[in-house]
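Let's take a walk through this structure together. Keep the 3D view open, and turn it as you read.

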Amino acid sequence: MPVLEVKNLRKKYRGTVAVDGISFSVEKGKIVGLLGPNGAGKTTTIQMLLGITLANGGSISYFGKDFRAHRLECLQRINFASAFNTLLGRITVRENLRVFAELYQIPNPNKKIDELLERFEMNGFASSLYWGLSSGQRTRVNLVKSLLNDPEIILMDEPTASLDPDIADKTLSYIEELQSERAISILYTSHNMAEITRICDTVVFLDRGRIVAHDTPQNLTRRVSAATLRLVFLSDIEKVHAHLRETGQTFDVPHPNVVEIHSEENLIPNLLFAISHVGATIVDIEIRKPTLEDVFLQIARN
Amino acid sequence: MNLRRIYGVFLQEYYMTIHSLEIFVDVFIFPLINIVVFGLISLYLVGNDNSVAGAFILLGMLLWQIIWIIAYSVAVGSMWNIWSRNLSNMFVAPLELEEYIVAHFLSGCVKAVALLAVGGFLSAIVFRFDMLAVGLMSLLLTFLVFSIFAFAVAIVVLGLIFRYGTRIQALSWSLITIVQPFSAAFFPIADMPRALQLVAYFFPSTYGFEGARYGLLYGDVAWGVFGVGLILASLYCILSMFVFQYLYTRSRDTGQFARNES
């Protein structure tokens, strides 16, 4: 039984279809990425999954129970973390967490808060006002808040947005640890394709409210066959240009001694073999394989 | 309703009150300044053989704080969550809307009692006005009428903010003050212009002030006046709950509830 199951979910705002009959599920211990360009319907979907926006149709089930009919029961077992939602700035970290511990009816709340703050290396900030924390520290406190009730699934809306790469990497490591230690399911939205590729088991691509692709990151990148072969030459680059023109290849010359050839990924070995026999001296070879970003761009542009 | 979750929201209100200078000033300092100003006016009137008018004015200002603080606490208390982008966090926790509202109402009641105690003490010491002369039962009934009425107004304001966003947030601390001139707060309703009297009779607050003045003058409980006030306040409350529920549902339906924080 999936932890979260969405069937034919729809949302319309004054004639504009924001979410158009999407269906997907999140299995136990899996991380599902929700991707799409701006206006694709990601945020609306998350809001409906949390109950703060009402759907026009379809169904949402957590743990096999209808969300609408068992709202409180479901919310007790799920949680939410977002870079766009903060806690109260004027009260301390511990006070903020204490409020949520009461809302989730956590037994022995102070012990739980201390354990989690220590786990995220934030115990030194328990008495600090929330607004005095850096973005990275806030993210960690938000993660602490999202773990107070030992949720079985966490909905994360761009949790690493506006973090510097080092802190974002640390945050992702925390998330990976959580998944492996506790088998938590996560629905994860982000614009960062590297993040999605790194942590998600499957990816749901949304565009204009519809699911346009749903697969593992690896399978999705296989959909884009184009790759780029970047070669740096020591001399005789004119011979290479001539060969490429003769064989009808598409290529760019970003620098006088550099050639970037755009080709199908499976044709690159033959291409490389042919160029090596032209007579020019190759000093560097780089093959750029398609990434999730290429898939994203292809979907967004289509 | 779950008491622990109500306690959680109440705790949040408590933390905000002790940490936020604005709340402390709005809820304690400004009301106390008003009480002092009206106390001085009261002293002036008493010194000019208008002792009854003087007492009415100070009593009116003391009791008005009940309405102001409870309405403020319910409406502005939620604004802090919106301003901090924390409202979604609250409502994605297993929290019932009723629990959230009740906690803010209770917080308002505690603040109102605290302020009445301080204001009453100040009036007794500085202005030689004993608020308890109204009678304990009359005071309790006045508190009941005012708190139900303030709650009714505040949740409509809150519903409007949920529905239409923070662009109308000024209503959260200003709408209730519109009621004051039509509530015969500082003088008997009989002394109001006839047209305004007709309006005043529609506000439960009018009956609270009238009942309190009756207690002060005659040392007795104006059961009939308070009865009308309570019935009217309850009707306002029931109606406002329907309006609030409608506005809240529409807010979630249109997506405005989530957009309030963006």
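Start with one contact between two side chains: A:Glu102 and B:Arg4 meet in a salt bridge, at 2.6 Å from N to O. Keep in mind that you're looking at a predicted model. This pair belongs to the interface of chain B and chain A, where the rule finds three salt bridges. How many residue pairs are in polar contact across that interface? The rule finds 15, with both residues at pLDDT 80 or more.

Which parts of chain B supply the side that touches chain A? Helix H1 (3-19), helix H3 (51-83), helix H4 (87-91), helix H10 (223-254) and helix H11 (256-259) of chain B each supply at least two residues. The largest share comes from H1(B), with ten residues. If you sort the residues on this side of chain B by character, you get 14 nonpolar, 13 polar and eight charged.

Now zoom out a little to see the whole meeting place. Here 35 residues of chain B are in contact with 37 residues of chain A. Between them, the two chains bury about 3,400 Å², and 56% of that is on carbon and sulfur atoms. In chain B, the residues that lose the most area to chain A are B:Arg4, B:Val92 and B:Arg252, which together account for 21% of what that side buries. So you've met one of these already: B:Arg4 is the partner of A:Glu102 in the salt bridge, by the rule that a Lys or Arg side-chain nitrogen lies within 4 Å of a carboxyl oxygen of Asp or Glu.

Next, let's go inside chain A and look at its sheets. A quick reminder helps here: strands of a sheet pair through backbone hydrogen bonds, either parallel or antiparallel.

One open sheet in chain A has six strands in the order E6-E7-E8-E3-E9-E10, with mixed pairing. Why is one side of E6 (78-82) and of E10 (210-215) left without a neighbour in the sheet? Because these two strands of chain A stand at the edges, each has a single partner strand. Neighbouring strands of this sheet are turned by 15° against each other on average, if you ignore direction. For a pair within the sheet, find strand E3 (residues 31-35) and strand E8 (residues 185-189) of chain A, which run parallel and are joined by four bridges. Here A:Ile31 stands opposite A:Ile186 in E8(A). A helix packs on this sheet too: helix H5 (residues 135-147) of chain A touches E6 and strand E7 (153-157), and the direction of H5 makes about 170° with that of E6(A).

Chain A also has an open sheet of four strands, in the order E12-E13-E11-E14, and here the pairing is antiparallel. Its edge strands are E12 (250-255) and E14 (281-288) of chain A, each pairing on one side only. From one strand to the next, the twist averages 25°.

Try tracing the pairs in this sheet. Strand E11 (residues 226-235) and strand E13 (residues 258-264) of chain A pair in the antiparallel sense over seven bridges, and A:Leu231 stands opposite A:Val259 in E13(A). E12(A) and E13(A) also run antiparallel, joined by four bridges. One place to look is A:Thr250, whose bridge partner in E13(A) is A:His262. The link from E12(A) to E13(A) is a hairpin through two residues.

Helices pack on this sheet as well. Helix H9 (residues 237-246) of chain A lies across E11, E12 and E13, running at about 25° to E13(A). Helix H10 (residues 268-276) of chain A touches E11, E13 and E14, and the direction of H10 makes about 15° with that of E11(A).

To see one residue in that packing, pick out A:Leu272, which sits in helix H10 of chain A. What does A:Leu272 touch, leaving out residues up to four places away in sequence? The answer is A:Leu229, A:Leu231 and A:Ile285. Take A:Leu229: along the chain, A:Leu272 and A:Leu229 are 43 residues apart, but their C-alpha atoms are separated by 8.5 Å.

Let's finish with salt bridges again. Over all chains, the structure holds 24 of them. One is between the side chains of A:Lys111 and A:Glu115, at 3.4 Å from N to O. Both residues lie in helix H4 (residues 109-119) of chain A, four residues apart, which is about one turn of the helix.

Terms used
Residues are numbered from 1 along each chain as its sequence is written. Chains are lettered from A and ligands numbered from 1 in the order in which they are written. This is a predicted model: local features need pLDDT of at least 70, side-chain atom pairs count only at pLDDT 80 or more; totals for chains, interfaces and linings use all residues. Side-chain values use heavy atoms; hydrogens and water are left out. Contact means heavy atoms within 4.5 Å. Buried area is the accessible area (1.4 Å probe) that two parts lose on being put together, summed over both. A polar contact is a pair of N or O atoms within 3.5 Å; within protein, one must be able to donate a hydrogen and the other to accept it, and residues adjacent in sequence count only if both atoms are side-chain atoms. Ala, Val, Leu, Ile, Met, Phe, Trp, Tyr, Cys and Pro count as nonpolar, Asp, Glu, Lys and Arg as charged, and the others, Gly among them, as polar. Two strands pair if DSSP finds at least two bridges between them. Axes are lines fitted to C-alpha atoms, for helices over the stretch in contact, and angles run from 0 to 180 degrees between N-to-C directions.
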